[in-house]
Amino acid sequence: MRGVRWRKVVSQVGRSATVWAVSTVTMLILAGILPDFQLQSADGDSATRIAITAALGAGGFGLLSALVWPLMVRFLLLVPALVLGLLVFFLNGALLLIALRLNPAARGDASPETAVVVAAVMSAVASATGAALAVRDDDAYRRRLYRLADRRRTPLPPGPVTHGTVFLQLDGVGHDVLEAAVRKGLMPTVGRWLGAVDGTGPTHRLIPWRTDWSSQTGASQLGILHGSNFDVPAFRWYEKDQREVMVCNRPTSAATLQRRAVERTGDGGLLTADGASRGNLFSGGADEQALVLSIAARRRSRANRSRAGYFAYFSDPANAVRTALSFVAEVGREVGQSSRARLRKVRPRVSRGGLYPLIRAFATVVERDVVVAAVMGDMLAGRTSVYADLVAYDEVAHHSGPHSRDAERVLARLDRSLALIEKGAEHAPRPYQIVLLSDHGQSPGETFRSRYGLTLGDLVRAGSGLPVPRRARRTRSGAEARAAVRAALRRPVEESGEHHRPSRRSEPIVLASGNLGLVSFPDVPHRMTKEEIDARHPALLPTLANHPGIGFLLVRSEEHGGVVLGAYGSEIPLADLDGAARSPLAPFGPGAADAVRRTHSFPHTADIMVNSFHDPADGEVLAFEEQIGSHGGLGGCQGRPFLLSPLALSAPVGDGAELVGAERVHRVLRRWLRECHGPQVPVAVADVVPDAGEVTGEADGGFGEPGGTDPVPAR
């Protein structure tokens, strides 16, 4: 044992000496290139003295970075996280200047701006050298992961070592997109899990599941993490009783939705026992939270750990340099791709200028790196369950299209992140089951505005007899990455033209959620009926229902309770949808009627729910936002995400059954946690009847808690 320990010490010393030597050479090269960076006196020095000066400067810079930098980061908790990523360069430069001033040779000098450049290059070279030396050394690799995530392993309780579970959400990746990516060889890690690469046989099973009508992250993730997405009719909607516009990616709204779900289900969520939530809208009841939007609103509370993941990651200056360089490269990549699409006159196309290149780079680089680092740290700490969201594909697909080359390249990079997490699991103190899933897919298609020259709001105003602007205004996109950027900058998630508390006036409030639109009349305190709307605006409902870009409407009816309206005067009560001939819902496939009926039961459903046209032949929809890959309503692949689970876990559903709704996905994931002896989420005694077709513990020979079944929340 003593010999092994000494070999490890010698190996570590050797790696440190190599990094020091490479840093010294780098400093010498930079001194020869940069005129404002000197390692010799004005009178000139010998090569030996210059080399000694470089060695002492590199050593001092490395020592200060290792000792001082983590302490400096902890004093910067009031600085917005995204700003910290830029501030790191200037702080690194300051450390280099200090190292040169403390150099016993007293010959080094550099201007402040040059010091920033030199420090950045040296950090990047040192990071690359250390990583290269650690590739074949498991102990070094594990130590690097510890530093990357700023975690210390916690001892596991005595007894048999049980499996942990890592749930990785690929935001917006539909079942069809994942299958296509595997076939094309874009995702070799996923392909290996499915047995499609090396022929060794699958280790995972892949199934699709069907979302609710509101096919977006807010509704799906709330249901998956907290077991209830009741009364979430869309991504954004107006609540008349509160006189407030709710937006799923606004921190205050996310906190409210999470509180309501906890009150409805009676438990904290999927991750209540030793869980970690990373990069999500909601916490899932986890004690460890980072980059979680529902707690981002607690600005002055010590309990606000939403941005902790950024500081844990950026506490290593090499991480900051590497991520910053990748950030710049991604911005350049987006500018090049958007310019190419514009020159080739690709259609459909939306504007990708302004701040979008920075937002894309944040989602595809910064948030990805920080979340992956946090997940690996959680595994090395031995946490029982982890749920993390990677939003990169969703952001790019919104603006480039779900089947575009731009989006496919993002999938390839995400697959490398999956491989890194899988590699990190090998060094964890317990074995881990890795479950991959998505919250929704995306459906392609041009925007409603680009096809018809007006927005949904313009159409509603025309049908209501109100003046319509001559030029249609763009509807801002509400992608998740924008909220993450604003949270990192400590800016509230408010969009142009979207009032947090609109005044009660007779003009309707029109909100867009992908290809789902919501129309509310704020001056009427209750949900209006069809009869009331017709009396006030006789032309509104016919104008909407007969427009070629509209698929169907849902409104409340005094006579039938609720009705679906379509073109040519079609009006079908909700109770008669299943057997109706030529139903407006027919193009939207099986399950559409159930999804519409469920949304109709929500207390805060809008006065008029509007779903866009859908072409079953090519899967296209018409987004009411500026997105050519959209989700949020019914139609196409947006409502068909995937669930990829290890074969060691029980099947999600029985043979021939379909997994429908985020709430059922929650029950499946919770069952898997019980199989792995993970968090024991409380089960209500009255809710122990499984859904038809759902695999239960009894059917599989028994597992988990007595009865082995999951509760069925009210639908």
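The following conversation works through the strands, cores and packing of a predicted model.

User: To start, how many helices and strands are in the chain?

Analyst: The chain of this predicted model has 22 helices and 22 strands. It comprises 715 residues, of which 57% count as buried.

User: And what area does the chain expose?

Analyst: About 29100 Å² is exposed, and carbon and sulfur atoms supply 57% of that area.

User: What share of the contacts comes from residues 24 or more positions apart?

Analyst: Such residues account for 72% of the contacts in the chain with a separation of 6 or more.

User: Let us turn to β9. Is it covered or open?

Analyst: Strand β9 (residues 385-390) is mostly covered, with six of its six residues buried. Ser385, Tyr387 and Asp389 point one way from the strand, while Val386, Ala388 and Leu390 point the other way.

User: Which strands does β9 run parallel to?

Analyst: Strand β7 (residues 275-278) is joined to β9 by four bridges, and the two run parallel. Strand β3 (residues 164-170) is joined to β9 by six bridges, also in parallel.

User: Which residues face each other there?

Analyst: Between β7 and β9, glycine 275 has serine 385 as its bridge partner. On the β3 side, glutamine 169 stands opposite aspartate 389 of β9.

User: What about β7 itself, which way do its residues point?

Analyst: Gly275 and Ser277 point one way from β7, and Ala276 and Arg278 point the other way; all are buried. Strand β7 is also joined by three bridges to strand β8 (residues 288-290), which runs parallel to it. In that pairing, alanine 276 stands opposite glutamate 288.

User: Where is glycine 284, and is it buried or exposed?

Analyst: Glycine 284 is in the loop between β7 and β8. It counts as buried because its relative accessibility is 0%, below the 20% limit for that class.

User: What does glycine 284 contact, leaving aside its neighbours within four places in sequence?

Analyst: Its contacts are Leu225, His226, Gly268, Gly269, Leu270, Leu271 and Thr272. In addition, the C-alpha atom of glycine 284 is separated by 8.5 Å from that of isoleucine 224, a residue 60 positions away along the chain.

User: Changing topic: in what order do the strands of the six-stranded open sheet come?

Analyst: The order is β12-β13-β17-β14-β15-β16, and the pairing is antiparallel. The edge strands are β12 (509-513) and β16 (571-573), each of which pairs on one side only. Neighbouring strands of this sheet are turned by 20° against each other on average, with direction ignored.

User: How many bridges join β14 to β17?

Analyst: Five bridges join strand β14 (residues 550-557) to strand β17 (residues 608-612), which run antiparallel. In this pair, phenylalanine 552 has asparagine 611 of β17 as its bridge partner.

User: Which strands do helices α17 and α21 lie across or touch?

Analyst: Helix α17 (residues 456-463) lies across β12, β13 (516-520), β14 and β17, and runs at about 150° to β12. Helix α21 (residues 592-600) packs on the sheet and touches β14, β15 (561-565) and β17. The direction of α21 makes about 40° with that of β14.

User: Now the nonpolar cores. Which residues touch the most other members of the largest one?

Analyst: The largest nonpolar core has 60 residues, and those touching the most other members are Trp213, Tyr387, Val596, Leu643 and Leu669. Helix α22 (residues 662-675) provides the largest share of this core, six residues. There is also a second, separate core of 50 residues, with Trp193, Val371, Val375 and Met376 among them. Tyr387 of the largest core is one of the residues in β9 that were described above.

User: Last point: how many disulfides does the structure hold?

Analyst: The structure holds zero disulfides.

User: And are cysteine 248 and cysteine 637 buried or partly exposed?

Analyst: Cysteine 248 is buried, with a relative accessible area of 0%. Cysteine 637 counts as partly exposed, because its relative accessibility is 25%, and that class lies between the limits of 20% and 50%.

How values were computed
Residues are numbered from 1 along each chain as its sequence is written. This is a predicted model: local features need pLDDT of at least 70, side-chain atom pairs count only at pLDDT 80 or more; totals for chains, interfaces and linings use all residues. Side-chain values use heavy atoms; hydrogens and water are left out. Buried means under 20% relative accessible area, exposed over 50%, partly exposed in between (1.4 Å probe, protein chains only). Two strands pair if DSSP finds at least two bridges between them. A disulfide is a pair of cysteine sulfur atoms within 2.5 Å. A nonpolar core is a set of buried Ala, Val, Leu, Ile, Met, Phe, Trp, Tyr and Cys residues joined through side-chain atoms within 4.5 Å. Contact means heavy atoms within 4.5 Å. Accessible areas come from the Shrake-Rupley method with a 1.4 Å probe; for residues, only the protein chains shown count as cover. Axes are lines fitted to C-alpha atoms, for helices over the stretch in contact, and angles run from 0 to 180 degrees between N-to-C directions.
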